[in-house]
Amino acid sequence: MAIDTASGRTSSIGNAALASRFQAGDSAGAGLPAISIEGLNKWFGEFQVLTDIDLTVGKGEKIVVCGPSGSGKSTLIRCINRLENHQKGTITVNGIELTDNLKNIDQIRSDVGMVFQHFNLFPHLSVMENCTLAPIWVRKQSKVEAEATAMKYLERVRIAEQARKYPGQLSGGQQQRVAIARALCMNPSIMLFDEPTSALDPEMVKEVLDTMVSLAREGMTMLCVTHEMGFARAVADRVVFMDKGEIVETNTPQEFFDNPQNERSRQFLSQILDR
Amino acid sequence: MQWIKRNLFSSPFNTVLTLLCLGLLIWVVPPVVDWLFLKAVWGDQPVAACNAVRGEGACWAVVWAKFRFMMFGTYPFEEQWRPAIVIFILVGLLVVSAFKYFWNRSLIAIWTVGILLAYWLMAGGLGLSSIRTGQWGGLPVTLILAIFGIAFAFPLGILLALGRRSELPIIKSISVIYIEVVRGVPLITVLFMASVMLALFLPVGWQIDQLLRAQVAIILFVAAYLAEAVRGGMQAVPRGQYEAAEALGLPYWKSVGLVILPQALKISIPPIVNSFISLFKDTSLVVIIAIYDFAYAVKKSVETDFEWKKYFIEALLFSILVYWIFCFAMSKYSQWLEKDLARGHTR
Amino acid sequence: MFGSEKIRGIFWQVLLLAAVVAGGWYLFSNTQANLARSNIQVGFDFLDREAGFEIAESWISFDASNSYGRAFLVGIGNTLYVALIGIVLATILGTIVGIARLSENWLVRKLASTYVEVMRNVPLLLQLFAWYVFFTELLPGVRQSINIGGLAFLSQRGMRFAWPVDHPAYDYAGIAFLAGIIAFFFYRSYANKRQQETGRQLPLALPALGLILGLPVIAWLVGGAPTDLDIPKMAGFGMRGGKNMSPEFTALLLGLTTYTAAFIAEVVRGGILAVDRGQTEAAEALGLNSGQRLRLVTLPQALRVIIPPMTSQYLNLTKNSSLAVAIGYPDLVSVANTSMNQTGQAIEAIAILMAVYLFISLLIALLMNFYNSRVRLIER
């Protein structure tokens with residue numbers, strides 16, 4: 001176990017070693033990690049929000065990112081599909097490096113799906129139209145093809161009967177499930193979740209988490225920012241704890257919850273677990 | 001330096017824009033500043049001083065020379081202290097109304113006193129010499145048209161708003177017809193109507209003076225816009241308030257006066273302030289029916305004087321400046337107010 | 001009996017109706033008496049009488065021997081003419097300024113804000129006077145007109161510019177233009193259908209240009225490709241030839257445009273700000289490019305917020321065109337005013353005025369309600 005006293009960061013297993021451990025279990029021919037982040041640094045003006053982030057996500061891996069607010073966890077995953085840019089370091093998604101090159105960005109975005117805290121469904125389009133918009137205009141599918149794909153995923157998230165309705169007519173939980181289906185309709189290989197249940201009423205959190213769990217069980221690579229520790233225990237391969245823009249601790253969920261190595265992790269856990 | 005790069009030159013397109021704007025400013029601003037300020041003639045100087053710089057510098061001396069007329073029109077010279085006080089009273093009313101401290105019943109009392117005082121000072125009687133409205137002029141007239149206008153339009157506007165929301169068909173129809181007709185026509189037509197038709201409506205032999213006609217027109221016009229603003233406020237009052245008042249057994253007028261209106265009016269304040277700003281600008285239209293408001297006084301002050309006649313541009317610019325100061329101050333207040341009220345709601 | 005709310009309601013209404021009718025009757029009888037005293041006949045017959053005054057500019061031929069009725073028609077036409085052009089120009093200018101107010105460029109932002117804060121807070125009447133003064137006092141006399149490229153001449157008398165000489169080729173071009181627009185709509189629905197069935201997107205921009213601009217050019221060529229221009233020339237005390245935009249018209253148009261544009265800028269800015277940032281982010285995350293984001297996500301939502309206040313501004317512009325009477329442009333109010341003064345038929349003239357403006361207002365309100373009900377966001 002290596003403790004870097006200068007910054008107080010702990011990693012129980014080095015990232016590179018972790019990555020190779022999970023890659024060993026991958027299907028043949030999938031040598032590339034899904035996401036590879038090296039030395040990522042980001043500033044908002046003078047203020048540094050991300051400091052020296054190193055993270056590798058293997059194919060099929062499920063990572064939960066947690067931490068107090070302001071820790072930079074949302075910013076981190078938003079950097080992955082270029083909703084935020086970074087000033088230093090590299091991000092590589094499925095072998096393509098994320099730079100200002102628009103072509104790369106578009107390619108990465110069509111392969112990475114994102115689900116937002118506030119759903120961000122298009123209110124002027126029906127559920128079906130929300131799901132077919134990108135396949136038609138980005139993947140250039142025909143309407144028939146796009147609708148078939150959409151129905152498939154709407155059924156997966158158990159909301160197919162609402163296909164002709166508009167977002168304004170649905171509950172929060174229903175809207176978030178539609179948002180998940182919308183992202184899936186582009187057939188991404190990686191799904192990013194930015195606090196998907198934080199804006200939901202408690203009774204709706206379960207239906208969304210169930211959807212995410214079943215998605216995880218099918219082998220989707222997932223990077224999820226969330227406070228839902230039950231979900232982390234059930235599904236995550238790794239938990240990444242961030243504080244003040246740095247990765248403080250990385251571990252399996254079991255180890256992280258039962259045996260936090262770092263003082264800051266302990267503090268955070270005690271705050272969210274005794275509620 | 002960093003700031004300059006980020007805000008002015010962040011992209012090639014922005015760089016081009018910045019250069020174009022700077023070029024435009026460099027081309028326009030120096031000669032304008034030169035004419036407006038540097039070579040201009042200020043202060044109480046004879047017209048010859050202005051003639052000397054004609055074409056190169058503005059003649060602001062015309063403002064000094066014609067100041068009294070621009071401000072007070074044809075009001076008798078010795079009594080001009082009276083409209084001067086009136087200006088302060090009326091502006092004072094606006095300033096007082098801007099403070100939340102006064103947003104209660106006392107405001108009605110304050111306005112009533114202010115208006116009566118202003119009227120007495122302008123018209124005379126009870127110890128002051130009588131001056132008929134035909135001699136009133138200048139800035140007090142503009143302020144009177146606007147302030148008396150909105151004051152008297154308020155009760156009418158509220159009645160119309162209540163009428164429009166009523167379920168009784170005749171009351172509702174009359175209100176809707178009034179509001180939609182008045183809002184659908186330009187203020188000029190209402191002014192014409194008042195200036196021409198009001199005289200016909202009165203019994204044979206009765207006279208009604210010009211200023212009063214314009215005032216009535218303005219009151220009737222503003223009332224329709226106020227009605228819509230108040231109606232919007234009433235729609236925004238939660239349904240629960242109406243139901244609670246009913247459940248308490250409050251009869252209609254009491255529930256409206258004590259529960260609904262106070263809340264509705266508070267919500268409607270921004271659109272009401274905006275209506276007043278528009279009204280203030282619209283009072284300038286009385287120029288067309290030859291009423292001596294501020295704009296008309298400024299226009300006439302140079303038109304009739306052979307020597308100063310050619311400096312009407314400076315006079316026009318002066319009147320534009322005065323209106324701008326009033327309206328800009330009020331609109332900045334309105335923007336501040338909207339933010340302030342919104343803050344109070346979002347907890 | 002008065003305890004019942006329904007009875008009370010009926011009672012008050014009957015009372016109000018009686019008051020209104022009684023009041024109306026009172027005003028009516030006074031009016032009759034007053035009119036009888038001044039020997040004025042009520043009625044619209046005066047519209048057939050000879051007008052006896054000239055109108056400086058008109059869309060149909062008019063001279064002093066035409067009827068008052070025709071004069072009113074000229075007034076209506078002039079009002080609609082300046083209002084329509086004003087609406088188009090103000091929309092363009094207002095949209096540009098509105099977008100400029102949101103620019104990342106500090107200088108552009110500040111200039112746009114200054115424009116809005118100045119133009120909004122000065123009465124339109126004074127702005128019209130200022131424009132009028134510019135066009136009649138500050139521009140040179142006709143003999144020293146500012147020469148723009150030998151084809152346009154700017155002076156106190158207005159802007160006189162060269163115009164193509166009448167030729168059937170221009171009529172063909174006009175028809176071709178309309179045909180081009182219709183053809184484009186057909187092409188667009190064909191392209192949409194193609195996309196729905198196969199996913200392939202046919203280009204829209206170039207064919208649009210080709211049809212709407214190309215067809216008229218071809219028609220013009222076929223018609224003989226005439227290039228003769230009627231160029232204004234000095235003749236006696238003024239200029240002849242070409243077409244002229246009077247200083248009154250120009251001042252009114254520019255005044256209305258710049259004033260209304262300031263308000264439209266705020267409407268556009270509000271509309272763009274109203275679209276949640278999350279919407280553009282979701283569209284980005286889905287991989288839509290910036291043109292697609294604008295067209296499919298941002299604009300549809302922004303327009304819903306923009307259109308109602310925008311139409312209200314269009315209405316204001318139309319009503320404000322009535323200020324033309326102050327600077328001498330012969331719009332409807334100006335014609336009505338002259339007629340009123342000459343015949344004394346004030347009530348009829350004002351009634352016509354109000355009827356015309358009311359008609360325009362109601363038309364615009366109906367169109368807007370129709371648009372609103374069609375694009376209403378469907379909610380629970």
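Arg78(A) is buried in this predicted model, with a relative accessible area of 11%. Its salt-bridge partner is Glu84(A), and the closest N and O atoms of the two lie 3.2 Å apart. Glu84(A) is buried as well, at 13% relative accessibility. Arg78(A) and Glu84(A) belong to a network of salt bridges that also takes in Arg277(C) and Glu281(C). Over all chains, the count comes to 29 salt bridges.

**Salt bridge within chain A**

- Arg177(A) and Glu207(A) form a salt bridge through their side chains, with an N to O distance of 2.8 Å.
- This pair links distant parts of the chain, since the two residues are 30 residues apart.
- Arg177(A) sits in helix H6 of chain A, residues 172-184, and Glu207(A) sits in helix H7 of chain A, residues 202-217.
- Arg177(A) is buried because its relative accessible area is 10%, under the 20% limit.
- Glu207(A), by contrast, counts as partly exposed, at 25% relative accessibility.

**Salt bridge between chains B and C**

- The side chains of Glu117(C) and Lys332(B) form a salt bridge at 3.9 Å, N to O.
- This pair crosses between chains: Glu117(C) lies in helix H3 of chain C, residues 106-120, and Lys332(B) lies in helix H14 of chain B, residues 312-345.
- On the chain C side, Glu117(C) is buried, with a relative accessible area of 11%.
- On the chain B side, Lys332(B) is partly exposed, with a relative accessible area of 36%.

**Interface of chain A and chain C**

- Chain A gives 30 residues to the contact, and chain C gives 31 residues.
- The two chains bury about 2,700 Å² between them, and 57% of that area is on carbon and sulfur atoms.
- Within chain A, the residues that lose the most area to chain C are Arg109(A), His124(A) and Trp137(A), which together make up 25% of what that side buries.
- Between chain A and chain C there are 2 salt bridges.
- Arg109(A) also takes part in a salt bridge with Glu284(C), at 3.2 Å from N to O.
- Across this interface, 9 residue pairs are in polar contact, counting pairs with both residues at pLDDT 80 or more.
- Four elements of chain A each supply at least two residues to the side that touches chain C: helix H3 (102-111), strand E8 (112-115), helix H4 (127-137) and helix H5 (143-156).
- H4(A) provides the largest share of that side, 4 residues.
- By residue class, the side of chain A that touches chain C has 16 nonpolar, 8 polar and 6 charged residues.

**Arg82(B) and its surroundings**

- Arg82(B) is located in helix H5 of chain B, residues 81-98.
- Arg82(B) counts as buried because its relative accessibility is 0%, and the limit for buried is under 20%.
- The side chain of Arg82(B) makes a polar contact with the side chain of Glu79(B) at 2.8 Å.
- A polar contact also joins the side chains of Arg82(B) and Tyr75(B), at 3.4 Å.
- Tyr75(B) is also among the contacts of Arg82(B) that remain when neighbours within four places in sequence are left aside.
- The others in that set are Trp120(B), Leu121(B), Met122(B), Ala123(B), Gly124(B), Leu128(B), Ser129(B) and Ile131(B).

**Chain B overall**

- Chain B contains 14 helices and 0 strands, so its elements read as α throughout from the N terminus on.
- Of its 347 residues, 47% count as buried.
- The C-alpha atoms of chain B fill a box of roughly 75 × 70 × 35 Å along the principal axes.
- The accessible surface of chain B is about 17,600 Å², with 70% of it belonging to carbon and sulfur atoms.
- Among contacts in chain B with a separation of 6 or more, 70% come from residues 24 or more positions apart.

Note on methods: Residues are numbered from 1 along each chain as its sequence is written. Chains are lettered from A and ligands numbered from 1 in the order in which they are written. Side-chain values use heavy atoms; hydrogens and water are left out. Contact means heavy atoms within 4.5 Å. Buried area is the accessible area (1.4 Å probe) that two parts lose on being put together, summed over both. A salt bridge is a side-chain nitrogen of Lys or Arg within 4 Å of a carboxyl oxygen of Asp or Glu. A polar contact is a pair of N or O atoms within 3.5 Å; within protein, one must be able to donate a hydrogen and the other to accept it, and residues adjacent in sequence count only if both atoms are side-chain atoms. Ala, Val, Leu, Ile, Met, Phe, Trp, Tyr, Cys and Pro count as nonpolar, Asp, Glu, Lys and Arg as charged, and the others, Gly among them, as polar. Buried means under 20% relative accessible area, exposed over 50%, partly exposed in between (1.4 Å probe, protein chains only). Accessible areas come from the Shrake-Rupley method with a 1.4 Å probe; for residues, only the protein chains shown count as cover.
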